[in-house]
Amino acid sequence: TVPLGFNIDAPRWDQSTFVGRLKHFLNITDPRTVLVPEEELDRAKALVEGCRAGLVPPGSSQEQLLYAKKLYDSAFHPDSGEKMNLIGRMSFQVPGGMAITGFMLQFYRTVPAVVFWQWVNQSFNAFVNYTNRNAASPISLRQIGVAYVTATGAALATAVGLNLYTKRAPPLLARWVPFAAVAAANCINIPMMRQQEIINGITVTDGDNNELGRSRRAAVKGITQVVVSRITMAAPGMIILPIIMERLEKFTFMQRIRVLHGPLQVLLCGGFLLFMVPAACALFPQRCSLALADLELELRDSIVAKHGDKVPYVYFNKGL
């Protein structure tokens with residue numbers, strides 16, 4: 001049964017520690033939730049919202065409510081409560097990312113293949129970045145288009161340029177070109193897709209979720225952490241896997257099954273991402289904090305005038 005005083009929004013694990021955040025993101029980035037029917041997701045949302053209002057259906061167990069919260073967190077935006085598009089959900093990062101990353105690492109030798117797979121990857125990233133933005137800062141279609149074109153251009157320029165540069169370099173260096181392109185694109189794609197947050201600031205609150213104003217510095221900190229997380233997410237698979245494949249391909253049996261190299265890399269990428277997606281998301285708290293002293297002078301003075309020294313830190317959703 002549901003215990004007295006059960007709060008469905010209270011973190012199930014301690015979010016001030018990396019291990020607690022890792023358990024949380026292992027739960028909500030579970031790729032199996034991608035297969036859950038839309039009707040069940042809607043029922044989970046209704047159950048969560050009912051629980052928030054104190055209307056728990058008779059006979060509901062705590063495990064049922066926690067599973068509903070898992071589905072809700074995996075499919076609905078934490079700011080707006082709206083259902084996220086399937087491709088942009090973090091729970092889709094493993095099946096979507098493993099296919100794209102695997103083929104990027106496999107087809108890196110020719111310029112047309114590099115161009116195609118980098119374009120596919122940046123299109124996927126654009127969906128993910130837009131879906132997981134701070135929803136309180138709307139972005140126009142024109143800004144989305146500029147962000148998409150800029151990031152795709154940066155990825156292609158980096159990939160094609162390095163691909164040509166490494167023609168005479170050791171084969172392993174050429175295999176690392178896709179990671180360099182992905183890292184460069186992430187440094188552009190995410191800030192561009194979330195530029196409204198940097199321009200107008202994002203809502204910051206006190207420890208009790210009372211709004212205090214909007215801060216551009218908070219937006220910059222949150223976006224920077226997201227960029228680091230995304231690069232970290234891709235790094236092990238795109239750096240270690242080429243070393244593994246480089247050695248495997250020297251064996252005679254691997255030379256006989258070249259047609260299976262692509263599928264093999266996809267599966268191995270999935271193995272890396274299965275752990276790295278939640279681990280990278282857990283690097284920084286979702287509810288990010290910023291010291292009052294680090295805020296813009298005007299906002300800081302406004303908070304001090306209203307609350308004195310009772311608000312040493314402000315909090316905000318950094319996005320994913």
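Reader: Which residues do ring pairs link into a cluster?

Author: The cluster is made of Phe103, Phe107, Phe116, Trp117 and Trp119, joined by ring pairs. The model is predicted: local features need pLDDT of at least 70 and side-chain atom pairs 80 or more, while totals for chains, interfaces and linings use all residues. Residues are numbered from 1 along each chain as its sequence is written, and side-chain values use heavy atoms, without hydrogens and water.

Reader: How many aromatic pairs does a search of the whole structure find?

Author: The search finds six. One of them is Phe103 with Trp117, a stacked pair.

Reader: What makes the pair of Phe103 and Trp117 stacked?

Author: Rings of Phe, Tyr and Trp (its six-membered ring) pair if their centres lie within 6.5 Å; planes under 30 degrees apart count as stacked, over 60 as edge-to-face and the rest as tilted. Phe103 and Trp117 are 5.2 Å apart, centre to centre, with 15° between the planes, so the pair meets the limits for stacked. Phe103 belongs to helix α4 (residues 93–106) and Trp117 to helix α5 (residues 111–131), so the pair ties together parts that are 14 residues apart in sequence. These helices are DSSP runs of H or I with at least four residues; strands are runs of E with at least two, and both are numbered from the N terminus.

Reader: Why is Trp117 called buried, and why is Phe103 called partly exposed?

Author: Buried means under 20% relative accessible area, exposed over 50%, and partly exposed in between (1.4 Å probe, protein chains only). Trp117 has 17%, so Trp117 is buried. Phe103 has 24%, so Phe103 is partly exposed.

Reader: Why is the pair of Phe116 and Trp119 called tilted?

Author: The ring centres of Phe116 and Trp119 are 6.1 Å apart and the planes stand at 45°, so the pair is tilted. Both residues are in helix α5, three residues apart, which separates Phe116 and Trp119 by about one helical turn. Phe116 has a relative accessible area of 41% and is partly exposed; Trp119 is partly exposed at 41% as well.

Reader: How do you know that β1 and β2 are paired?

Author: Two strands pair if DSSP finds at least two bridges between them. Four bridges join β1 to β2, so the two strands are paired; they run antiparallel. Ile202 has Ser215 in β2 as its bridge partner.

Reader: What is noted about Asn209 in the hairpin of β1 and β2?

Author: The hairpin has five residues between the strands, and Asn209 takes a positive phi near 65°. Asn209 sits in the loop between β1 (202–205) and β2 (211–215), and is a residue other than glycine. At a relative accessible area of 54%, Asn209 is exposed.

Reader: What makes Ser215 buried?

Author: Ser215, in strand β2, has 0% relative accessibility and so counts as buried. Contact means heavy atoms within 4.5 Å. Leaving aside neighbours within four places in sequence, Ser215 is in contact with Gly201, Ile202, Val204, Leu295, Glu296 and Leu299.

Reader: Which residues does Ser91 touch, not counting those up to four places away in sequence?

Author: Ser91 touches Ile28, Thr29, Asp30, Pro31, Thr33, Val34 and Ser74. Ser91 is in the loop between α3 (62–75) and α4, and is buried with a relative accessible area of 2%.

Reader: Which side chains of strand β3 point to one face and are buried?

Author: In β3 (residues 287–291), these are Cys288 and Leu290, while Arg287, Ser289 and Ala291 point to the other face and are not buried. In a regular strand the side chains alternate between the two faces of the sheet. β3 pairs with strand β4 (residues 313–317) in the antiparallel sense over five bridges, and Ala291 has Tyr313 in β4 as its bridge partner.

Reader: How do you know that Arg287 lies over the face of Tyr315?

Author: A charge sits over a ring if NZ of Lys or CZ of Arg is within 6 Å of the ring centre and within 35 degrees of the ring normal. Arg287 is at 4.5 Å from the ring centre of Tyr315 and lies over its face.
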